[in-house]
Structures are given as C-alpha cells and as structure tokens.
Amino acid sequence: MTTARTPALHLNKVSYRHPGDTASALDAVSLSVAPGEVVAVLGPSGAGKSTLLALLDGQLPGWAGAASVLGHALQPERALPRHLRPDTGFIFQDLGLVDRASARQNVLNGRLGRTPAAASLFGRFTLDDHQATDQALQDCGIADLAGRRADQLSGGQRQRVAIARCLAQQPKLILADEPVSSLDPTRADSLMRLITSLARDRGASVVFSSHQPDIARRFADRIVGLRAGCIAFDTSAAGLNEAQIAGLYAEAAVAPAAQPLPDTGVA
Ligand code: ADP
Ligand code: MG
C-alpha cells in the first residue's frame with residue numbers, strides 16, 4: 001500500500017549492462033526519492049542517465065538489484081506496460097508522439113491510463129480528460145497548435161507536446177530524460193519552471209536528467225551526480241560545489257584495475 005512515507009522511487013544496487021557492451025551502464029546504483037521531491041540526475045554524455053530512466057520505464061529487461069516505483073516493486077524481466085502505470089509520467093528524448101495525430105490528440109493520449117479500456121478504445125474520453133488536456137496545452141503554451149499534426153511541428157514544439165501529454169496524465173511521479181534539451185534557454189527555463197511548479201503544487205515527485213549543472217541547480221531540490229554508471233555524489237542543490245561539477249565532467253580516469261602497479265624495484 002502506498003502511504004505518505006512510501007518513497008516515490010527506491011533503487012537498491014541496481015546494475016545493468018547493455019547487450020554487447022563490455023562495461024556496465026549502471027553499476028550498483030542506490031537512490032531514494034521522497035514524495036514531492038524534485039531530483040536532477042546530472043552527468044556527462046554516456047554517464048548512464050538515459051539507461052537509468054529507460055530501465056524505470058521497463059524498456060531494459062535483465063537488470064540486477066531491486067527497484068520500486070510508488071511502492072510497487074518493478075520486475076527485472078517484465079515491467080508493467082506504461083499505460084497500466086498512470087501514476088508515473090514519462091518524458092523521453094525520442095518523445096514517442098503519434099506523428100499523424102494532432103498535438104491535442106497526442107496530449108489526450110496521456111489520459112489513456114486513466115480512462116476505462118473499453119471507453120478509450122472507442123475514443124470516448126471523459127470531460128475530465130478533455131479538461132486536463134486543454135489545461136496542459138495551455139500551460140505548455142501550445143493551445144494555438146492543438147489542431148496541428150505532430151509531424152508538422154518543430155522540435156521544440158514537439159517537446160512541449162510531450163511535456164503536455166505527461167502533465168495531462170496528472171502523475172504522482174514524473175521521470176524525464178533531458179526534457180528541455182532541444183529548446184532555447186528561455187523556453188527551457190520556462191518549461192522546467194512549469195514542470196517543477198506544477199509537480200510541487202500537486203505534491204508530485206520529479207526525477208529529470210540533465211547535463212547542465214545550472215538547470216539542475218535552479219530546478220531541483222537535490223542533485224545526484226552520475227558518472228560511468230556510478231553515483232559520484234548525492235547532495236542538496238544548494239550544496240553542489242564547483243569541485244563536484246569538475247570531478248563529474250573531468251576526462252574519464254583510467255580505471256584502477258587497469259593501472260599498472262608502480263615499479264618499486266622490489267620483486
Ligand atoms: P547518458 O544518457 O548519460 O548520456 P546512456 O545511458 O545513454 O548515457 O549511456 C550509458 C552507457 O551505456 C554508455 O556507455 C553507452 O554507450 C551505453 N549504451 C547506451 N545505450 C546503449 C545501447 N542501446 N547499446 C549498447 N550500449 C548502450
Ligand atoms: Mg541520455
């Protein structure tokens with residue numbers, strides 16, 4: 001049962017190696033996110049941010065460790081399909097929009113998990129569904145684009161449709177993989193503010209990845225540094241210091257095991 005104290009997200013030593021890869025993309029990652037908390041996962045390209053979020057979406061079977069979302073344990077081999085988890089909203093880099101459908105229909109699709117299966121099959125959404133959709137379109141500044149087909153929108157507009165779809169779902173936990181990466185700084189700021197302030201208003205938690213320390217600092221309560229699949233630090237946003245950032249983005253160090261032993265001249 002979910003209680004107020006149940007973490008929104010809990011990972012215990014979660015590891016994963018992509019098929020064909022020699023190194024682990026995630027190496028014993030442990031992380032707990034409280035209800036209502038906004039956490040940024042910060043790290044350079046290849047750190048494992050997308051892997052972590054895709055794993056939580058059930059896209060990567062065969063991981064090790066234990067993970068639960070909103071009090072429900074995830075199965076390493078068989079995750080619940082996304083539409084059966086309406087309390088968890090996802091914003092992914094590939095967006096997953098239906099190109100031939102309108103922006104509004106794409107946003108309305110965010111309500112599928114909240115509508116009885118038979119009704120949604122026939123496109124019979126409730127008044128609540130339509131109201132949540134219109135509100136999300138408006139909040140994301142794309143009400144005027146509602147009727148436009150998704151494949152006729154710019155990259156930034158498509159990103160806003162994906163964010164609106166997630167917000168329309170009214171999730172308790174939002175997992176977002178670089179949600180504003182293809183937007184200009186002003187737009188990125190206003191949408192990050194929107195996602196985090198709506199989440200805060202509703203007591204929802206947010207875990208978003210970013211490679212930009214300033215975005216993480218401004219919008220998260222807590223920042224988790226991920227480097228080469230390992231958690232390098234886990235700090236309050238206010239506590240993040242320059243040394244931690246420099247360490248996170250420093251050129252990859254040679255793994256200790258691969259370093260030659262110092263030649264001491266002693267056999
Ligand atoms: P980030 O999102 O932080 O840039 P990723 O999670 O995409 O990092 O990648 C983490 C590691 O996993 C990298 O070493 C990357 O090369 C590897 N990786 C990611 N996706 C795949 C894949 N589909 N197949 C093989 N290796 C992958
Ligand atoms: Mg990524």
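**Figure 1. Sequence-distant contacts across the whole protein.** Of the contacts (heavy atoms within 4.5 Å) in the protein with a separation of 6 or more, 67% come from residues 24 or more positions apart. This is a predicted model, with local features needing pLDDT of at least 70, side-chain atom pairs counting only at pLDDT 80 or more, and totals for chains, interfaces and linings using all residues. Residues are numbered from 1 along each chain as its sequence is written, chains are lettered from A and ligands numbered from 1 in the order in which they are written, and side-chain values use heavy atoms, leaving out hydrogens and water. The protein has eight helices and ten strands; these are DSSP runs, numbered from the N terminus (helices are H or I, at least four residues; strands are E, at least two). Out of 267 residues, 47% count as buried, meaning under 20% relative accessible area with a 1.4 Å probe and protein chains only. About 13,300 Å² is exposed, with carbon and sulfur atoms supplying 53% of it; that area comes from the Shrake-Rupley method with a 1.4 Å probe.

**Figure 2. Leu173 and its surroundings.** Leu173 belongs to strand 7, which covers residues 173-177. Its relative accessible area is 0%, so Leu173 is buried. Setting aside neighbours within four places in sequence, Leu173 touches Ala8, Val69, Leu70, Asp87, Thr88, Gly89, Ser205 and Val207. Pro86 sits 87 residues away from Leu173 along the chain, yet their C-alpha atoms are 9.5 Å apart.

**Figure 3. Ser15 and the Ala28 backbone.** Look for Ser15 in strand 1, residues 9-16. A polar atom of the Ser15 side chain lies 2.8 Å from the backbone nitrogen of Ala28. Besides Ala28, the contacts of Ser15 take in Leu26, Asp27, Trp63 and Ala64, again leaving aside neighbours within four places in sequence.

**Figure 4. Cys140 and Cys166, two cysteines without a disulfide.** Cys140 has its closest cysteine sulfur in Cys166, and at 9.3 Å that is too far for a bond. Seen from the other side, Cys166 is in no disulfide either, its nearest cysteine sulfur being that of Cys140. A disulfide here is a pair of cysteine sulfur atoms within 2.5 Å, and by this rule the count is zero. Cys140 is buried, at 3% relative accessibility, and Cys166 is buried too, with a relative accessible area of 1%.

Conventions:
Buried < 20%, exposed > 50% of the residue type's maximum accessible area, 1.4 Å probe, protein only. Polar contact = N/O pair within 3.5 Å; in protein donor to acceptor, adjacent residues only side chain to side chain.
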